[in-house]
Amino acid sequence: MSYLGSIFSGFKTLLTGLGITGKEIGGKSVTELYPHVEPELPEAFRSVIQLVRFEESGSHDCVACMQCVKICPSTCITIEGGKIEGIKGKRASEFEIDFALCSLCGLCIDTCPTDTLEWANIYDDAGQEREWVYDLLKPHEAFEEQYLTTRRAIEAKEAAEKAAKKAAVAKAKAEKAASEAASQEASPEKSDTTSEADS
Amino acid sequence: MNPHPAPALERAHDDETYYLNMGPQHPSMHGVLRLLLRLRGELILECDPVIGYAHRAHEKMAENRSWIQFLPNTSRIDYLSGMIYNLGYCQAVEKMASIEVPVRAQAIRVIVSELNRIQSHLLWFGTFLLDIGGITPFLYCFDDREKILSILERVTGSRLTYSYGRFGGVSQDIDDVFIEQTRSFLTRMRKQAPMYHQLVHENVIFRKRCEGVGVISREVAHDYGITGPTLRAIGVDYDVRRAEPYSGYEQYDFEIPTRTGGDCLARFEVRIEEMEQSCRIIEQALDALPDGPVKPAKFIKKLKPPAGEFYFAVESARGHFGMHMVSDGGDVPSKIKLRTPSFSLLSSMSEVLEGTMVADTIAILGSVDVVLPEIDR
């Protein structure tokens, strides 16, 4: 290409670029003015984990099984738990996560046997210390007493029902034994009908 | 005084030559890389890449945790194509432990991997041009890239370090909104492509900076084990997706773009065409998306692959990413050796940069697209 020709074609390409930029100036702005505009968080958004508050029970369902502690690659979860007077199974008494260590992989959520872990939607938290610990039980403290009361009531009721059932069974057994004893004295046809009813 | 001088420093040098440290904190350096250059005027006589500034001991970490606990690490090896690395690791372990993957999960893996590849190439496109002096394209392509990140964030919950894969599938199913968003992105991407072409490819400054610059010969590529778009720009149509198909890549119809120049321009063109091919793959995968589960009914957390050695490779945005795994039959890996493409690319730089100008270093390094955390691991 000649010297002048290359100058001409060079200018042409530069002007094409300028033209595209010129067109875009009139376009819609795509910048999100972050601190002033709240970002729309997707449902799957990952931040710190939190304990689900189930509607039926009114609280979380952490049974301190330690599955999430075992699978966590960053070892950032601390759980303590034990038996509580009046209810069956274990219950977490301490659930802390050091968010400074968390790598947000979600393995704890996937491994939870009671599905009581989920992502929280915190995107603008900041700390000034190295330790960045979230106490996951804190939001549930207010409901804990209520939960335990209901749970105890339910379990007491269940126990009572069970006891009643057991008593009923024992009673039926006793009655059956009594009727069998009576039928031995009675005619053989009558004993046949009782065995049919039993089956 | 540096207590550990690089080898080149110890060599005898005459009065005409001098040393220049490019990096580790250089504005146009990709991550924390230090290039030790021996110069005569503007001419590079020797180049010695010094790495290790972003070393995080991923391979050692793998030996101290169970197979599934290594999952979040894989996205962080190469943070720009974290999805491909993450799913690649899952597939390697699945093959090792013979875990069946549902067909829907396989298709989803292909879709998100290709989206990730486009995203990585878009970022490379922007930063490469930024390196050689064009600010405008960077702004446009980051707008496009943002669309992909939003799409992926919706299903994975994360923008870069996805941890989306699970042994035997993926952590979440995709929905109709995802499919619709992806389709509209593909339309947008195809509309943008001619604009990028006009804006960059025909630009006289860009061509002067790239044409015939940083030619990598076949011999160098062979010696250093260069793969990916850089190898395809030399004219070798090697692509793991075609050579050893995984995750159902054999079902999709796509081309492997090649060039013969081996220079910066050829690498540029190969990557631009690759984005279009990725679009094609995504389209086909979306059209033929099967129904069904995306992960096994029971979450696989404990895994004991049979004892032995195993190699598995995927095509990352930068080339052949291989994992050599050694299992002793326990639930902790004996060894996971990661073979990353950028390491080969950067190693070859000592040979490629010899005899070029300082200003071209930026263009060459930018065009081969190295990611430092992936080199240091």
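Helix α9 of chain B covers residues 218-224 and contains B:E219. In this predicted model, B:E219 has a relative accessibility of 55% and therefore counts as exposed, the cut-off being over 50%. The residue belongs to a surface patch of negative charge, where B:E219 gathers with B:D223, B:E351 and B:E354.

A second surface patch is nonpolar and has an area of about 670 Å². Its members are A:Y3, A:L4, A:I7, A:F11, A:L14 and B:I205, and thus both chain A and chain B contribute to the patch. Helix α1 of chain A, residues 3-25, supplies the largest share, with five residues. One residue of this helix is A:L4, which is exposed at 66% relative accessibility. In general, an α-helix has 3.6 residues a turn, so residues three or four places apart point the same way.

**Salt bridges**

Over all chains, the whole structure holds 33 salt bridges. Side chains of opposite charge can pair when their charged atoms come close. Three pairs from chain B are listed here with the N to O distance.

| Pair | N to O distance | Relative accessible area |
|---|---|---|
| B:E46 and B:R38 | 2.9 Å | B:E46 16%, B:R38 16% |
| B:R188 and B:D144 | 2.7 Å | B:R188 24%, B:D144 0% |
| B:D239 and B:R232 | 3.5 Å | B:D239 2%, B:R232 1% |

In the pair formed by B:E46 and B:R38, B:E46 is buried and B:R38 is buried.

Which helices hold B:R188 and B:D144? B:R188, which forms a salt bridge with B:D144, lies in helix α7 of chain B (residues 176-201), while B:D144 lies in helix α6 of chain B, so the pair ties together parts that are 44 residues apart in sequence. The two ends of this bridge differ in exposure: B:R188 is partly exposed, whereas B:D144 is buried at 0%.

Helix α6 of chain B runs over residues 136-156 and has 21 residues. From the first C-alpha to the last, the helix reaches 30 Å, close to the 30 Å expected at 1.5 Å a residue. The helix is followed by B:G157, with a positive phi near 85°.

The side chains of B:D239 and B:R232 also meet in a salt bridge. B:D239 is buried, with a relative accessible area of 2%, and B:R232 is buried too, at 1%. Both residues belong to one network of salt bridges that share partners, together with B:E114, B:R117, B:R241, B:E274 and B:E315.

**Positive phi outside glycine**

Most residues other than glycine have a negative phi. Two residues, one in each of chains A and B, have a positive value instead. For A:D115, phi is near 50°. A:D115 sits in the loop of chain A between α3 (107-111) and β4 (117-119), and is exposed, with a relative accessible area of 54%.

For B:A57, phi is near 60°. Where is B:A57 found? B:A57 is in the loop of chain B that lies between β3 (43-50) and α2 (58-62). Is B:A57 buried, partly exposed or exposed? At 26% relative accessibility, B:A57 counts as partly exposed.

Key. Residues numbered from 1 in each chain as written. Chains lettered and ligands numbered in written order. Predicted model: local features only at pLDDT ≥ 70, side-chain atom pairs only at ≥ 80, totals over all residues. Heavy atoms only, no water. Patch = residues over 30% accessible without salt bridge, like charges linked within 9 Å, V, L, I, M, F, W, Y side chains within 5 Å. Areas by Shrake-Rupley, 256 points an atom, 1.4 Å probe, with all protein chains shown as cover. Salt bridge = Lys/Arg side-chain N within 4 Å of Asp/Glu carboxyl O. Lys, Arg positive; Asp, Glu negative; His and termini not counted. Charge placed at Lys NZ, Arg CZ, Asp CG, Glu CD. Helix = DSSP H or I, 4+ residues; strand = E, 2+ residues; numbered from the N terminus. Buried < 20%, exposed > 50% of the residue type's maximum accessible area, 1.4 Å probe, protein only. Expected span 1.5 Å × (residues − 1).
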